[in-house]
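Visitor: Could you take me through one part of this model in detail? I would like to see how a single piece sits among its neighbours.

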Amino acid sequence: MTQQPTKFERGTDGPKVIVVGMDGSQSSFRAAAYASGLARRQNALLAIVYVQPVLAAGAALGAPVAEATGEIAEGLVAEIRGSLERVKDTWNVRWEFHTFHGDPYNGLVTAAEELTADAVVVGASESAGHRFVGSVAVRLVKAGRWPVTVVP
């Protein structure tokens with residue numbers, strides 16, 4: 001009997017790629033800590049994603065938007081590397097840092113699709129306005145494409 005080639009399945013043997021969204025907020029750092037524990041226990045790749053906002057209005061007014069958001073990404077990478085360096089002898093986590101452009105929801109969807117994510121982890125929104133408009137976390141859950149964990 002010959003083995004039939006199979007299509008890719010998400011999450012059949014536990015997650016292999018866990019995407020976590022980071023924006024520098026405290027809840028995103030808690031989400032990254034939680035996701036790194038999941039990745040370590042599952043021996044999964046932790047894909048840390050920063051979605052660089054596209055601020056057309058700021059750019060039109062001459063504000064150095066790309067530089068500012070690029071500095072945020074660099075700062076996040078430096079902080080993540082520092083955190084991992086402190087625990088390297090205790091925990092071994094495979095990780096990558098990715099920057100995508102756009103609004104947070106579409107950026108995370110693109111990241112999860114391109115990186116073939118098995119799970120997505122995000123921090124709970126710290127914005128009061130999201131109670132009315134809907135947070136990125138709620139939109140990801142409603143999309144129903146991946147298991148989504150929202151960390152308070």
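**A close look at helix H1 and its strands**

Guide: Happy to. The chain has 6 helices and 5 strands, and this is a predicted model. Starting at the N terminus, the order of elements is β-α-β-α-α-β-α-β-α-α-β. Of the 152 residues, 37% count as buried.

Let us settle on helix H1, which covers residues 26-42. With 17 residues at 1.5 Å a residue, H1 should span 24 Å, and its end C-alpha atoms are indeed 24 Å apart, so the expected and modelled lengths agree. After the helix comes Asn-43, with a positive phi near 55 degrees.

Now for the side of H1 that is hidden. The buried residues are Ser-27, Ser-28, Ala-31, Ala-32, Ala-35, Ser-36, Gly-37 and Ala-39. An α-helix has 3.6 residues a turn, so residues three or four places apart point the same way. Keep that in mind while reading along the buried positions, which include Ser-28, Ala-32, Ala-35 and Ala-39. What they pack against is a set of strands: E1 (17-21), E2, E4 (119-123) and E5 (148-151).

Strand E1 deserves a stop of its own. Each of its residues is covered, with 5 of 5 buried. In a regular strand the side chains alternate between the two faces of the sheet. In E1, one side carries Val-17, Val-19 and Gly-21, the other carries Ile-18 and Val-20, and all of these are buried.

E1 also has partners on the strand level. With E2 it pairs in the parallel sense over 5 bridges, and Ile-18 stands opposite Leu-46 there. With E4, E1 again pairs in the parallel sense, over 3 bridges, and Val-20 has Val-121 as its bridge partner. Put E1, H1 and E2 together and you have a right-handed β-α-β unit.

On E2 (residues 45-52), have a look at Tyr-50. Its relative accessibility is 4%, and because the cut-off for buried is under 20%, Tyr-50 counts as buried. Tyr-50 and Gly-24 are 26 residues apart in sequence, while their C-alpha atoms are 8.8 Å apart in space.

That pair brings us back to the whole chain: among contacts with a separation of 6 or more, 78% are between residues 24 or more positions apart. The accessible surface comes to about 9,400 Å², and carbon and sulfur atoms account for 54% of that area.

Definitions and conventions:
Residues are numbered from 1 along each chain as its sequence is written. This is a predicted model: local features need pLDDT of at least 70, side-chain atom pairs count only at pLDDT 80 or more; totals for chains, interfaces and linings use all residues. Side-chain values use heavy atoms; hydrogens and water are left out. Helices (H or I, at least four residues) and strands (E, at least two) are DSSP runs, numbered from the N terminus. Buried means under 20% relative accessible area, exposed over 50%, partly exposed in between (1.4 Å probe, protein chains only). Contact means heavy atoms within 4.5 Å. Accessible areas come from the Shrake-Rupley method with a 1.4 Å probe; for residues, only the protein chains shown count as cover. The expected span of a helix is 1.5 Å times one less than its number of residues. Two strands pair if DSSP finds at least two bridges between them. A crossover is right-handed if, with the strands pointing away from the viewer, the path from the first strand over the helix to the second runs clockwise.
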